[in-house]
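Q: Please take a close look at one part here, the chain called A, and describe how it is built and how it meets its partner.

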Amino acid sequence: MSNPLRDMEKPDVIFCIGTNMTECHPVAATRLKKAIANGARMIVADPRVIGLVEHADMHLQLRVGSDSALLLAMAHVIQRAGLIDPGFIAERTTEAEAFLEHVKEFTPEWASEICRVEPALIEEAAILYGTADRGAIYYTLGITEHICGVDNVQSLCNLALMTGNVGREGTGINPMRGQNNIQGAGDVGAIPNNYCGFQPVTDPAIQAKFEKAYGREIDREKGITKVRALDEAGKSIRAMFIDGENTVVTDPDREHCEHALKSLDFLVVCDLFMTETAELADVVFPATGFTETDGTQTNTERRVQRLRRAVPPPGEAKADWWIISRLAQRMGFHGFDYTDASEVFNELCRLSTTYAGLDWDRVEFGEYQWPVPEEGHPGTPRLHEDGFINGRGVFKLIRYRDPAETIDDDYPVWLTTGRRLESYHSRTQTGRSQGIDYLLPEEVLEVHPDDVTAWGLADGGWAEMASRRGAVTIRVKATERSPRGTVFSSFSFNDVPVNILTGAGYDPVTDTAELKVCPVTVRPASKSGGVAAD
Amino acid sequence: MTSDSNPRTIVLDGETVAFERGETLFEIAQRHRRDVPSLCYDDRLDPFGGCRLCIVQLEGARKPVASCTTKAEPGMRVTTHNATLDMHRRVILEMVASENRDVDVDELSGYASQEMSTLLDRYDARSGRFDGAHSGTSRPDDGNPFILRDYDNCISCYRCVRVCAEQEGDYAISVMNRGFDTQITTEFGGFLEDSSCTFCGQCVQTCPTGALGDIKALRAKDVPEPVEKTRSVCPYCGVGCAVDILSKGDKVVGIQPAMDGPANEGALCVKGQFAFDFVHHPDRLKTPFVRNDHGQLVPASWDEALDKAAAGLLEAVNEHGRHSLYAVASGRAPNEAGYLMQKFVRAGLGTSYIDNCSRA
């Protein structure tokens with residue numbers, strides 16, 4: 001997030017797009033509710049009637065995968081209505097002229113054909129955001145898990161730049177990060193293009209720094225993404241070491257993924273449970289988890305906090321840092337003789353730019369948000385206050401692109417996937433906690449009541465849902481949370497492995513899978529999985 | 001109405017102290033470490049003025065005033081403790097306690113659950129001299145697995161009602177009737193599951209009497225070891241809510257939100273509050289496993305598993321080159337795990353064949 005969580009109580013206009021915050025980040029959502037109680041107005045753009053809609057002034061119920069068209073039209077209206085911030089644009093941005101010219105062709109009427117949102121509503125939303133003193137944008141995977149995820153994020157940046165809603169209290173472009181330490185995983189350099197602190201592997205000076213620190217020559221090229229690595233499994237990739245990820249269940253196109261992992265010569269998995277992924281491994285290491293591990297993690301607002309051990313782990317389970325470093329030592333790798341987590345964290349801070357001013361003792365109370373460039377620095381709750389890291393904010397010329405697959409006669413229904421309040425991902429943890437089943441005993445497919453009737457389904461009955469990649473059997477729930485022609489389910493329950501269906505395409509820049517859009521058919525079925533006779 | 005000639009100060013127990021515009025006498029007293037009692041106060045919520053325990057004497061006022069709802073004005077002279085105030089407070093506490101079945105509840109009930117019993121002891125108010133009818137009707141029929149609704153212990157402080165409305169914005173808890181018949185309930189008097197309750201547990205943690213209790217934590221109330229609290233961070237989403245892990249001996253028995261948690265300021269959701277006992281689930285892996293000659297995963301020693309893993313990974317590298325090994329770090333594991341996973345491929349193999357689960 002560009003801004004701290006506490007800023008969520010400060011905007012006068014809130015724009016939430018592709019974020020089901022009351023279910024996926026409930027505690028952050030409470031802050032938005034407070035802002036609204038204090039008079040803030042909220043626009044929610046989402047294909048479904050999610051919980052946030054109850055609190056919103058406007059709901060833009062756009063067709064799945066049409067976000068960039070909506071955002072182009074909003075930019076068009078803001079430009080046409082003269083709601084741009086010329087001072088901010090002149091001082092802080094570049095390429096504005098071309099951008100403001102570019103958006104002229106994308107009228108609300110044009111976008112309406114794609115998004116299925118009334119032009120007047122698009123206009124109203126754009127004017128509301130464009131006239132905000134403190135306009136804040138919040139988004140999640142509903143924006144990024146598309147073949148145009150980067151375009152969508154850049155479209156949001158364009159809106160914030162043209163209206164000067166960056167670098168001030170209660171504004172910003174704020175991705176809500178999904179997993180407890182997904183921010184940290186990138187921060188520490190567990191990505192193919194950057195070392196810790198987002199230092200590019202392709203920069204010769206940075207290369208030299210890390211070659212010295214790690215005592216060996218390292219490729220000057222980026223590595224490949226996990227998506228490409230799975231494609232290459234059994235071909236150029238022969239072995240994998242997976243730490244704490246149930247790849248089989250959470251990745252798109254389950255069959256492809258399972259096949260990929262099975263075609264490896266050797267797979268090592270480290271986890272708390274014998275997950276569907278661990279079951280495919282040659283060696284499984286038992287890791288310690290929450291309440292058992294000393295360490296640090298970094299939240300969505302870039303805050304580094306300490307994790308502490310309260311109880312001993314079960315049996316012989318060990319902390320991840322111990323497992324990885326002992327395995328590295330047995331493979332003859334140097335520089336892995338750590339004795340506790342603090343040594344690892346302190347080394348990370350020494351090599352990082354964003355964590356450079358931190359160490360184990362300084363994160364004791366969790367008051368620092370990176371970047372903390374040197375010792376004594378107070379941290380940076382709000383990014384871009386005095387300027388952008390790369391100089392100026394760059395407007396990007398975006399054009400709408402269709403999803404990788406669009407509905408047709410064979411697959412006439414849009415499926416969009418997501419998460420539910422009570423379940424976390426593949427339920428390895430929530431599914432093993434008492435009481436959660438009371439609230440959420442099974443997966444359901446949310447279908448508009450009129451579609452339930454039109455498709456010959458029954459509320460509470462079973463349906464077979466199929467895409468070009470496979471089929472699942474799932475219980476039907478009639479609900480107006482889904483618009484007509486679009487259905488929703490989560491991927492959390494292993495007996496309804498929805499990711500068998502997904503995975504038509506990937507964003508060309510980030511390789512992020514298009515998990516939010518998947519054309520399907522939905523037909524009545526018996527529980528055993530067979531399609532019911534007429 | 002302060003002007004420059006009229007400095008923003010009051011006299012607090014004989015000491016001149018400054019205050020900020022809009023501050024209440026209770027807030028000033030707290031800031032200056034005066035231990036003014038209260039049962040209806042939660043500093044995250046709007047002041048309520050319900051319990052009257054926070055009364056103070058204000059020079060010139062005929063009767064004591066509730067300090068939580070009285071805004072400071074320049075020149076006020078305030079007394080927080082004397083024999084008269086203590087007598088009033090004791091009588092109020094005796095009356096409050098008289099309506100309740102139990103005044104002592106287990107500390108596992110919730111974060112604030114000991115407030116009432118602590119005050120009863122401090123003011124020597126366990127006299128029982130007002131004993132009579134009990135107020136509030138418990139709902140043992142609400143079969144939810146998380147939130148105990150024992151309204152026999154309710155004192156109608158409305159903290160649960162207010163935290164649900166003001167802090168959570170859910171408005172699941174409401175109030176029925178008036179006076180002695182006041183009943184904390186849900187819309188239409190039903191079960192929590194059928195209300196707008198999301199089971200975030202905020203009402204449980206702010207309840208000062210244990211009328212609302214943490215059913216999961218209370219499972220361990222007969223475990224003899226003392227409760228220990230360890231500060232950590234919730235393992236679920238990216239908000240990073242600080243929590244206190246409650247443990248007895250080697251077992252985690254509950255979770256409480258850290259009221260001073262920088263990201264959450266005392267809030268949690270149903271997952272963070274109640275979905276913690278996976279840590280002791282029998283399915284947890286307790287030993288390494290290796291695949292045997294028959295293709296089955298079988299338990300193994302660390303030595304055996306590390307050797308086998310090292311040999312298997314090295315074999316791929318030796319036969320197919322260092323770019324044949326790929327590592328995937330976790331968005332669920334600590335920074336130290338992610339850092340070492342990337343160091344594993346970079347320092348070990350000289351590649352950047354590393355990613356994490358952020359792309360799916």
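A: In this predicted model, buried residues make up 60% of the 534 residues of chain A, a residue being called buried when 20 or more other C-beta atoms lie within 10 Å of its own. The overall dimensions can be set beside this figure: a compact globule of 534 residues would have a radius of gyration near 24 Å, and because chain A has 24 Å, the two agree. Measured out along its principal axes, the C-alpha trace of chain A spans about 65 × 65 × 45 Å.

Within these dimensions, chain A holds 18 helices and 20 strands. If one takes the contacts in chain A between residues at least 6 apart in sequence, 70% of them join residues that are at least 24 apart.

Turning to the partner, the contact between the chains draws 123 residues from chain A and 102 residues from chain B. On the side of chain A that touches chain B, helix H15, which covers residues 320–330, gives the most, with eight residues. By character, the residues on that side of chain A divide into 60 nonpolar, 37 polar and 26 charged.

The two chains also meet through their strands, since strand S11 of chain A (residues 283–286) and strand S13 of chain B (residues 289–291) pair in the antiparallel sense over two bridges. Looking at single residues, A:Val284 stands opposite B:Phe289, which lies in S13 of chain B.

Key:
Residues numbered from 1 in each chain as written. Chains lettered and ligands numbered in written order. Predicted model: local features only at pLDDT ≥ 70, side-chain atom pairs only at ≥ 80, totals over all residues. Contact = placed C-beta atoms within 7 Å. Helix = DSSP H or I, 4+ residues; strand = E, 2+ residues; numbered from the N terminus. Nonpolar A, V, L, I, M, F, W, Y, C, P; charged D, E, K, R; others polar. Pairing = 2+ DSSP bridges. Rg over C-alpha atoms; globule rule 2.2 N^0.38 Å. Buried ≥ 20, exposed ≤ 12 C-beta atoms within 10 Å, placed from the backbone.
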